[in-house]
Amino acid sequence: MQNPGYNSGSIIFSEGEWFPFRIHKLVQLKDDAWYYILQDGNGLKHFMPAEYYKTYGLKPGDEISCKIDRINCTGRIFLEPRHPIYKEGESYYFDIIKDSNPDIEDVLMVTENSGNIIEVPVIGIKKVDINDEKRVRCIVKCITKGRIILEISPEFA
C-alpha cells in the first residue's frame, strides 16, 4: 500500500520495502515508555518503541535500515528495523531448551542469541532432527516488534 498524501517528499514509502532512517534521539513520553525518534530521507520524523529493540544496540546518530511494516489509514508508518543477527527467510540452528510445553502440544522451546525463548510449532512435522548438541535448524519466518517467528526447516516436514 502506498500513501501518496503522506509521502509528499521525494521518497515514496511502500509496505514491505526497506529504507534508511537516522536515529535522531531517544525520548520518554508521557506514557512512561521510551521511543526512538527516527528521521526519514524526506526529513519527517517517526516514533518507534524502544522496548522491542533493547538488544539491537541502537543509539542516537546511527543510520539504520527499516522495513515499512505497515501504513495505517491515517498515514502513520510502522517500522521494523533490520535485526542485527537474523534475516527473514534464512535458516539457522537454535539451541533447544525443552522439547515440549505441557500447556501447548507439539512445541519445541528454543533460545536465540540474545537469550530470548521462542516456541516453535512442530504440528504436522513427522520427525524433527535434533542433533547431539540439542540444536534444531529453523527458518526465520518473520520478525515483528523485535520478536523472531520460527518454523522448523522444511527438510524435516
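**Exercise 1.** Which side chains meet in a salt bridge with an N to O distance of 3.1 Å, one of them being that of Arg-135?

*Solution.* The model is predicted, so local features require pLDDT of at least 70 and side-chain atom pairs count only at pLDDT 80 or more, whereas totals for chains, interfaces and linings use all residues. Residues are numbered from 1 along each chain as its sequence is written, and side-chain values use heavy atoms, with hydrogens and water left out.

Step 1. Apply the criterion: a salt bridge is a side-chain nitrogen of Lys or Arg within 4 Å of a carboxyl oxygen of Asp or Glu. The side chain of Arg-135 meets that of Asp-95, at 3.1 Å from N to O.

Step 2. Place the two residues. Strands are DSSP runs of E with at least two residues, numbered from the N terminus; helices are runs of H or I with at least four. Arg-135 belongs to strand β9 (residues 135–144) and Asp-95 to strand β6 (residues 91–98), so the pair ties together parts 40 residues apart in sequence.

Step 3. Assign exposure, where buried means under 20% relative accessible area, exposed over 50%, and partly exposed in between (1.4 Å probe, protein chains only). Arg-135 is partly exposed at 28%, and Asp-95 is partly exposed at 33%.

**Exercise 2.** Determine how many salt bridges the whole structure holds, and describe those of Arg-22 and Lys-59.

*Solution.* Step 1. The search of the whole structure returns 4 salt bridges.

Step 2. Arg-22 is bridged to Glu-63, with 3.1 Å between the closest N and O atoms. Since Arg-22 is in strand β1 (residues 18–28) and Glu-63 in strand β4 (residues 63–71), this pair ties together parts that are 41 residues apart in sequence. Arg-22 is partly exposed, with a relative accessible area of 39%, while Glu-63 is exposed at 53%.

Step 3. Lys-59 is bridged to Asp-62, the closest N and O atoms being 3.3 Å apart. Here Lys-59 is partly exposed at 49%, but Asp-62 is buried at 19%.

**Exercise 3.** Establish the strand order of the open sheet that contains β1, and follow the pairing from β1 to β3.

*Solution.* Step 1. The chain has 0 helices and 10 strands. Two strands count as paired if DSSP finds at least two bridges between them.

Step 2. The open sheet has 5 strands in the order β3-β2-β1-β4-β5, with antiparallel pairing. β3 and β5 (77–81) stand at the edges with a single partner strand each, so one side of each lacks a neighbour in the sheet. From one strand to the next, the twist averages 50°; the axes are lines fitted to C-alpha atoms (for helices over the stretch in contact), and angles run from 0 to 180 degrees between N-to-C directions.

Step 3. β1 and strand β2 (residues 34–39) are antiparallel and joined by 6 bridges. Within this pairing, Arg-22 has Gln-39 as its bridge partner, and Ile-23 is opposite Leu-38. The hairpin has 5 residues between its strands, and Asp-32 takes a positive phi near 70°.

Step 4. β2 pairs in turn with strand β3 (residues 45–49), antiparallel over 5 bridges. Gln-39 has Lys-45 as its bridge partner in β3. This hairpin also has 5 residues between the strands, with Gly-43 at a positive phi near 90°.

**Exercise 4.** Analyse strand β8 (residues 117–121): which side chains point to the buried face?

*Solution.* Step 1. The side chains alternate along β8: Ile-118 and Val-120 point to one face and are buried, whereas Ile-117, Glu-119 and Pro-121 point to the other and are not.

Step 2. Strand β7 (residues 107–111) runs antiparallel to β8 and is joined to it by 5 bridges. Leu-108 is opposite Val-120. In the turn of this hairpin, which has 5 residues between the strands, Gly-115 has a positive phi of about 95°.

**Exercise 5.** Identify the residues with the most contacts inside the largest nonpolar core, and list some contacts of Phe-21.

*Solution.* Step 1. A nonpolar core is a set of buried Ala, Val, Leu, Ile, Met, Phe, Trp, Tyr and Cys residues joined through side-chain atoms within 4.5 Å. The largest has 32 residues, and Phe-21, Leu-38, Val-110 and Leu-150 have the most contacts inside it.

Step 2. A contact means heavy atoms within 4.5 Å. Leaving aside residues up to four places away in sequence, Phe-21 touches several residues, including Leu-38, Gln-39, Asp-62 and Glu-63.

Step 3. For the chain as a whole, buried residues make up 36% of the 157 residues.
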